[in-house]
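Visitor: I am new to this structure. Please take one part of it and go through that part closely, setting out what lies around it as you go.

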Amino acid sequence: MLKDLFGKKKYATLTLYKDENNEIKTSTISSATNNSDEVQSIPKQTVDISNQSKQSRMSARERIKMVIDEDTFIEYDADLIAANPLNFPNYTEKVTQAMENSNENEAVITGEGKIKGEDCIICVMNPNFMMGSMGSVVGEKITRAIEKAIEKRVSIIIFSASGGARMQEGILSLMQMAKTSAALGRLSEEGLLYISVLTDPTTGGVTASFAMLGDIIIAEPGALIGFAGPRVIEQTIRQKLPEGFQRAELLQEKGFIDKIVNRKDMKTFLAKVLKIHAPGGEANA
């Protein structure tokens, strides 16, 4: 019967454990119905397999202070605040709470400044504001920053740190993927440089749009970078993923990332790249 196709939901549960040789393994506990008595429990030791080289998350203000020369940063569009266009339940309250917790109005800070004397436009996503999710305001602020880079004829740097498109804004958040990508297309046509910096985590709709469109794509060590999360992928394909899957190091090996740069070296690296790509920069670098 057709109804039998929908009567019982199937699922697979994967457990990480160490075998007798202390090697990390995965096993499928069950691919069963949602009846609990059909699931066979397999006791295994759960282990922490976090990447030890991964750098801790930092706020957008801290990152700007780390990268931009002192007293040179001018912020753009600080007064833009998310609305609730779809009347999503409790969304307004969640935004208000996020503003109070992060002391910011949105999940990205944009502006202009200098890096060791080199002019640039910079956008820094804030994982402390609703996990850096991209809603209409985030997309608008990044798009305006790109347009400002075109107007001023300078390079733009975007630091991504995001869980993806903001679900509470539905299709409007997904539209930001196209809007930011189109703006970067215009930037490219003008022959201007876009440096994309991927930090932990860079996932979802951000990865599927502006994060992976950089002329130069760099990442911090150990950063989680991908579309869907590794756990979801494993449960979908029912296969063990390669060690370090969706981490910056593997993505560099596969050609998705140009260079991995440690946080302490980030300012120097960015300044050098900006100088090379400035008018006459090849001779001065």
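**From a surface residue to the sheet**

Guide: Ile171 has a relative accessibility of 56% and therefore counts as exposed (exposed is over 50% relative accessible area, buried is under 20%, and partly exposed is in between, with a 1.4 Å probe and protein chains only). The model is predicted, so local features need pLDDT of at least 70 and side-chain atom pairs pLDDT 80 or more, while totals for chains, interfaces and linings use all residues. Residues are numbered from 1 along each chain as its sequence is written, and side-chain values use heavy atoms, with hydrogens and water left out.

Ile171 belongs to helix 5, residues 170–189 (helices are DSSP runs of H or I with at least four residues, strands are runs of E with at least two, and both are numbered from the N terminus). Together with Leu174 and Met175, Ile171 makes a nonpolar surface patch of about 300 Å² (patch members have over 30% relative accessible area and no salt bridge, that is, no Lys or Arg side-chain nitrogen within 4 Å of an Asp or Glu carboxyl oxygen; nonpolar side chains are joined within 5 Å, like charges within 9 Å).

Helix 5 also gives two or more residues to the largest nonpolar core, as do helix 3, helix 4, helix 8 and strands 5, 6, 7 and 8 (a core is a set of buried Ala, Val, Leu, Ile, Met, Phe, Trp, Tyr and Cys residues joined through side-chain atoms within 4.5 Å). Helix 4 contributes the most, with 7 residues. This core has 40 residues, and Ile142, Ile156, Leu187, Phe210, Ile225 and Ile257 touch the most other members. Apart from neighbours within four places in sequence, Ile225 has contacts (heavy atoms within 4.5 Å) with Leu198, Thr202, Ala219, Gln246, Ala248, Leu251 and Ile257. There is a second, separate core of 23 residues, with Ile68, Ile115, Leu270 and Val273 among them.

Now the sheet, which is the part to look at closely. It is open and has 7 strands in the order 3-4-5-6-7-8-9, with mixed pairing (two strands pair if DSSP finds at least two bridges between them). Strands of a sheet pair through backbone hydrogen bonds, either parallel or antiparallel. Strand 3 (74–76) and strand 9 (259–260) are at the edges with a single partner strand each, so one side of each has no neighbour in the sheet.

Start from the edge at strand 3. Its pairing with strand 4 (residues 108–115) is antiparallel, over 3 bridges, and Tyr76 has Thr110 of strand 4 as its bridge partner. Strand 4 is also antiparallel to strand 5, joined to it by 8 bridges, and Val108 is opposite Met125 of strand 5. These two strands form a hairpin with 2 residues between them, and Lys116 in the turn has a positive phi of about 50 degrees. Strand 5 has 7 of its 8 residues buried, so the rest of the structure largely encloses it. With strand 6, strand 5 pairs in the parallel sense over 4 bridges; here Ile122 is opposite Ile157 of strand 6.

Just ahead of this part, the loop between helix 3 and strand 4 holds Asn103. Asn103 is exposed, at 68% relative accessible area. Its C-alpha atom is 8.9 Å from that of Phe129, 26 residues apart along the chain.

For the setting, the protein has 10 helices and 9 strands, and 44% of its 285 residues count as buried.

Notes. Accessible areas come from the Shrake-Rupley method with a 1.4 Å probe; for residues, only the protein chains shown count as cover.
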